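Let's take a friendly walk through this structure, one part at a time. Have the sequence and the 3D view ready as you read.

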Amino acid sequence: MNRRVVGDMLDVAGATMTGAESAELGLKLIDENEYAIVLIDLRMPGMDGITAIRHIRARHDAKAGLPIIVVTADTAVDLRERCIEQGADEVLFKPVAMDALFDAMGRMLAKAAGDGMIG
Amino acid sequence: MRLIDLTAPLTMLFGLTLATAPVIAQPAPKPALSTAQVGTRFDAAIADAKAVMMLDPVSAIARARDAERVARGLEGRPRMIGIATAQWLQGEAYLRINDAAHAAPLIERAIRIVAKAGPPTKLNGDLLLSRGGLHTATANVASALDDYQQAHNIFRDIGETRSRALALLSIALLYQEAEDYQNALKYYDQALDIYRGDPQVLYTIYNNRANALKELGRLGPAETQFRKALELARELKSPAMEARVLSNIARGQLLAGQLAAADRTISQGFAVANGPGAEVARDQFWVLAANLAFRKNDLNEAVKLITRSFSKVDPNNTTLELREGHKIAYEIFRKAGDDAQALVHLEALKRLDDQTSRLASSANTSLVAARFDFANQKTRIAQLKATELQRNIDFERAQARTRQSIALGLSGIVVVIVGMLAFGIVTLRRSRNQVRAANIDLAATNDALGKALAAKTEFLATTSHEIRTPLNGILGMTQVMLADATLTERLRDRIGVVHGAGITMRALVDDILDVAKMETGNMTIEQIPLDLKATLGDVARLWQEQAKIKGIGFVLDLEQSPAWIEGDAARLRQIVFNLLSNALKFTERGTVALRATAVGDRLAITVSDSGIGIPEEKYDLIFESFRQVDAGTTRKFGGTGLGLAICRNLAQAMGGDVRVASEIGVGSSFIIDLPLIPAIAPEAEAEGAAGKALLIVDRSPITRSMLRAMVEARAGIVLFAASVEETVEKLQSGQVERVLIDDATIKALPDRLAALATIATAARSANVTTSLLWAAPDESEHAGLRATGITQVIAKPIGGAALIDKLYISDSVFAEHLVSHAA
């Protein structure tokens, strides 16, 4: 359900999204393709979101620096800190405000452009 | 499986409480003759009413009304008690004939009267039991539990053990209704612990305890309890009670597969359940007999018997006692191939199940909520005990010390010294033991406190978490839908309603989470400079519109308000938002006002309304979590009752408090009192040439956000436009200093160059430079773009720093501009 919601939101903004229903699949997709941003929902079967973030950051190529946004319903007090510590760039809490999502994505792209390029 | 015995014991309950209703209190000190006479007449009238209550409730109503008339001839407290007693009896009688509409106001009135008549007596407790019964009948479980609790506490305090047991019994029945058998058993056990003196009460406890055990699958113990109940029923020579237990036993035996035993029990049942008034019981036994036949695979017999049980009943109008009958009937008819009949009973089953699951789930939810309220109460009681214990410990310690010093201070007189020392040592030791005992108690209480608190917090946090996920689906999609420009007005309206409801839900969930955080001390309050007037103005704006829609005046008075203070803007907004929300909710006409003033070294923010007002005795209550002024408020106005609790908690966390002053029918004022720490206003934002803006033309919200983030450092105010029309509009408004156009937006248009030309013309008339981001233009493309009148073309891809350079720093723009003009 969440992939669908996010997917539709990104449609509104004119962005394209590829979804993966598990962290393992997601990591594989990142391996094989180029993406501008990674959105991770912490509720996944198998490997959990935070471990997935660690895997991405542990890469030895440019993709280790991929912008990562965490989307979660978990409101534990230290969750945001934990995610950012492990390498996430931003944490959004459900229910997600569409504007907040776009804003976060835009800012992340800008940061990437700071070191890289916009195109 | 439904609890068939539920209604019966409750009626019995009322019967039981009646049997020991209080007779009138002391007569007033007046001419003895007349008062005594009136008193006697009153007693007689009450006795009359009670005598016929069980058999002829309607007459009982009349007689109780007579009693009330007589009571009005008395004076002072006896008069109040007398009237209340008579009204109570009337209420009870109405309940017996299932007339809750008449019973309720009578009982309420009586409760109000005795509340004023002095410290609680048995009558107070009895009235609360009756009201609890009313609430149970209307499935208002939280209120029922509350009333039973209060009744229990009153009976406990005045030492009425039997009634106390009845209160516990009533609570147990509530839990049984909600299918929480473990807790029900707990309360039955408690009731048994404290009172075994009345066979009827014992019977009720054993019977229902057995049912609960049966539901939990503990058939052995269940049967033991049933047997005990049976004995009592026989002692009391009540065939109806006997029959009830026998049917329960038979049911259990059938469940356990003990067919021969069930057969014997059923025969016993038939033997007992004869005579008038036993039809319902006999029908039950026919059903059981049919079940037995079915189990023995004697289908014909089963069909005969089950038809007999329903022969005098309309299956479409049955109530819960026959649910089991329907179930068995369905199975029998299906096996026998009579689908038509099977369907009839299946439909009846569904009807009854719908009813009861609604009841059970509402009961369950209410009980869960009530349990947390209860835990709250327990916590509070434990806290009080803890403070008291602490006081006791301190006191004992102090005493011990005094004794010591007395003992030591008396030197010289040996005998006295020895005596005193001995005394001192003994009492010291006793005190020490008491202190140790109190300490153990304290530790245990603290432990219980901790557990209760943890349970509540966990529940709150989990609930909030679970609700957020589906809420994401709802709000996510409504946002997506509302972003669709092709939506019709009507559809947009409707989706707007869903969206608004989702937003409200999210606010409620956030509130719940806040309570959890506050309870566990996980709340952090900021202390940074904030613009008070702006913050309050923001919140006011949100509600001004709502007030206008409702036709209520809104006054914002910040004249006397300090400008910059230190504090937590977000939390302050939250409190004021909550208070304004309440103010508007409870006001139908008049005005709502928000004021802020400095009072010495404190800040006072007042939210006042001209609404229904709050009674003084409820002032403290409304600030408790999950509490509203009364149950009706939730129904009428909605809400979880969390807002004020959070407001107060937040205010207290900030070093202040929230207080209320109110007048019924006139209005209420909520005052937020906070420490006033003035702050220095930060330097006004410097950049951006005197308030003019950078206009970014981009139709994608993501790239809009990205571009803004990239130029933030230099740009000052940033405006957006998503289309050519919007761009021209904004240019004409004169607020724009320069324009940055994203190529994707232009490339999506049918005639790119024309669009660019339009923008460029509008820009030139406003004396504004235009910069266009374009993907790697070659020579001719570049020229073509410039020809439209665009001042500057910036090639993509480009990094952030370079972009800023091109836009603001480098002179190349003007150079190019000059060059092209010169050429």
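Two residues count as being in contact if their C-beta atoms, placed from the backbone, lie within 7 Å. Keep in mind that what you see is a predicted model.

With that in hand, look at where the two chains meet. How many residues does each chain bring to the contact? Chain A contributes 30 residues, and chain B contributes 34 residues. On the side of chain A that touches chain B, helix H1 (2-13) and helix H5 (98-115) each provide at least two residues. H5(A) gives the most to that side, with 10 residues. Sorted by class, the side of chain A that touches chain B holds 18 nonpolar, 7 polar and 5 charged residues.

Now turn to chain B. Its secondary structure amounts to 30 helices and 12 strands. Of the 823 residues in chain B, 38% are buried. Take the contacts in chain B between residues at least 6 apart in sequence: 65% of these join residues at least 24 apart.

Next, the interior. In soluble globular proteins, nonpolar side chains tend to be buried together. Here, the largest nonpolar core has 108 residues, and B:Ala172, B:Ala290 and B:Ile306 are those with the most contacts inside it. Which residues does B:Ala172 touch, leaving out those up to four places away in sequence? They are B:Ala184, B:Tyr187, B:Tyr188, B:Ala191 and B:Asn208. Apart from the largest core lies another core, of 61 residues. Among its members are A:Leu39, A:Leu66 and A:Phe102 from chain A, along with B:Leu785 from chain B.

Technical notes
Residues numbered from 1 in each chain as written. Chains lettered and ligands numbered in written order. Predicted model: local features only at pLDDT ≥ 70, side-chain atom pairs only at ≥ 80, totals over all residues. Core = buried A, V, L, I, M, F, W, Y, C linked by C-beta atoms within 7 Å. Buried ≥ 20, exposed ≤ 12 C-beta atoms within 10 Å, placed from the backbone. Helix = DSSP H or I, 4+ residues; strand = E, 2+ residues; numbered from the N terminus. Nonpolar A, V, L, I, M, F, W, Y, C, P; charged D, E, K, R; others polar.
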